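Please consider the model shown below. The paragraphs that follow lead from a single residue to its helix, then to the nonpolar core, and finally to the largest pocket.

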Amino acid sequence: MTAVASRVPLAVKIAYTAFMAVLIPVYWHYYGPTNFLYFCDVALILTLIAIWPENALLISMSAIGILVPQALWLADFFASAAGFSFLGMADYMFDSDRSLFLRLLSLFHGWLPLLLIFLLWRIGYDRRAFWAWTALAWALLLISFFWLPPPNPNAGLIPVNVNYVWGMSDAAPQTIVPPYVWLAGQLIGLPLIAYAPTHFLLARFMPAAR
């Protein structure tokens with residue numbers, strides 16, 4: 001039997017694994033295990049699992065889940081750096097009460113989407129990812145809403161309002177609509193507005209997974 005050549009450079013695999021070997025224990029220590037229920041952190045872990053066996057489905061799921069949200073995070077980061085208030089997603093990056101080391105680790109929000117695009121270009125896009133990530137996202141949203149802490153201005157480093165199920169602020173719930181309406185909007189809106197367009201673009205421009 002002929003061995004299949006690796007499509008992802010070994011240096012990329014080692015560098016990513018080394019980064020995660022630092023991030024996981026540090027985040028667990030400072031933020032606790034519930035921090036790993038954020039979409040972006042789930043994508044980090046799925047990518048770690050997938051990068052060595054070059055699993056196209058898990059890489060594709062991560063891309064579906066975070067390419068649009070991370071683009072918004074980046075826009076919010078640069079807006080905050082310029083002194084403007086946008087979404088509040090990246091406000092913590094400019095909080096001097098937080099460790100600079102923790103904030104530097106969080107810069108993965110900027111480079112992870114680029115890594116995922118590179119991996120998809122090498123491994124291929126698996127079209128099953130849309131429904132697989134949507135099901136996972138629904139489960140994460142329901143867990144975040146019903147079992148994790150709501151916004152709290154004095155939470156410190158404890159994750160609250162995970163996946164923004166109570167609104168865009170970690171200090172107070174949104175008051176525009178009832179909480180269940182906001183949650184329903186996420187359950188319906190994220191697949192329609194974020195995941196589906198990403199799916200169609202990746203299916204159009206990325207090679208199909210083998």
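**From one helix to the pocket**

Thr47 is located in helix α2. The model is a predicted one. Thr47 has a relative accessible area of 0% and is therefore buried, the limit for that class being under 20%. Setting aside residues up to four places away in sequence, Thr47 touches Tyr16, Ile59, Ser62, Leu112, Leu116 and Leu119.

The helix around this residue may be considered next. Ten of its residues are buried: in α2 these are Phe39, Cys40, Asp41, Val42, Ala43, Leu44, Leu46, Thr47, Ala50 and Ile51. Because 10 of the 13 residues of α2 are buried, the helix is largely enclosed by the rest of the structure. The partners against which the buried residues of α2 pack are α1, α3, α5, α6 and α7. As for geometry, a rise of 1.5 Å a residue leads one to expect that the 13 residues of α2 span 18 Å, and the end C-alpha atoms are indeed 18 Å apart, which agrees.

One of the contacts of Thr47 is Leu112, and Leu112 leads to the core. In soluble globular proteins, nonpolar side chains tend to be buried together. Here the largest nonpolar core has 54 residues, of which Leu112 and Trp133 touch the most other members. Elements giving two or more residues to this core are α1, α2, α3, α4 (100–105), α5, α6 (129–147) and α7. A second core, separate from that one, has five residues, among them Trp73, Phe77, Met89 and Ala90. Apart from its neighbours within four places in sequence, Leu112 is in contact with Tyr16, Cys40, Ala43, Leu44, Thr47 and Ile66.

Helix α5 also holds residues with some accessibility. Ile117 is placed in α5, and Phe118 lies in α5 as well. Ile117 has a relative accessibility of 35% and so counts as partly exposed. Phe118, with a relative accessible area of 31%, is likewise partly exposed. Which residues does Ile117 touch, not counting residues up to four places away in sequence? They are Leu67 and Met206. For Phe118, leaving aside neighbours within four places in sequence, the contacts are Pro9 and Val12. Separations along the chain and in space can also be set side by side. Ile117 and Ala63 are 54 residues apart in sequence, while their C-alpha atoms are 7.4 Å apart. Phe118 and Met206 are 88 residues apart along the chain, with 9.9 Å between their C-alpha atoms.

The final topic is the largest pocket. The space within the largest pocket amounts to about 1,200 Å³. Its lining consists of 46 residues, and those closest to the centre are Tyr38, Met89, Asn161, Tyr164 and Asp170. Two or more lining residues come from each of α1 (10–31), α2 (39–51), α3 (56–81), α5 (108–123) and α7 (179–205). Which element provides the largest share of the lining? That element is α7, with eight residues. By class, the lining residues of the largest pocket comprise 28 nonpolar, 13 polar and five charged. Met89 links two parts of this account, as a member of the second core and as one of the residues closest to the pocket centre. Helix α2, which is largely enclosed because 10 of its 13 residues are buried, is also among the elements that give two or more residues to the pocket lining.

Methods
Residues are numbered from 1 along each chain as its sequence is written. This is a predicted model: local features need pLDDT of at least 70, side-chain atom pairs count only at pLDDT 80 or more; totals for chains, interfaces and linings use all residues. Side-chain values use heavy atoms; hydrogens and water are left out. On a 1 Å grid over the protein atoms alone, a cavity is a set of points where a 1.4 Å probe fits but cannot get out, and a pocket is an open set with protein on both sides within 12 Å along at least five of seven lines; lining residues have an atom within 4 Å of a point. Grid points are joined across faces, edges and corners, and a volume is the space filled by probe spheres set on the points. Helices (H or I, at least four residues) and strands (E, at least two) are DSSP runs, numbered from the N terminus. Ala, Val, Leu, Ile, Met, Phe, Trp, Tyr, Cys and Pro count as nonpolar, Asp, Glu, Lys and Arg as charged, and the others, Gly among them, as polar. Buried means under 20% relative accessible area, exposed over 50%, partly exposed in between (1.4 Å probe, protein chains only). Contact means heavy atoms within 4.5 Å. A nonpolar core is a set of buried Ala, Val, Leu, Ile, Met, Phe, Trp, Tyr and Cys residues joined through side-chain atoms within 4.5 Å. The expected span of a helix is 1.5 Å times one less than its number of residues.
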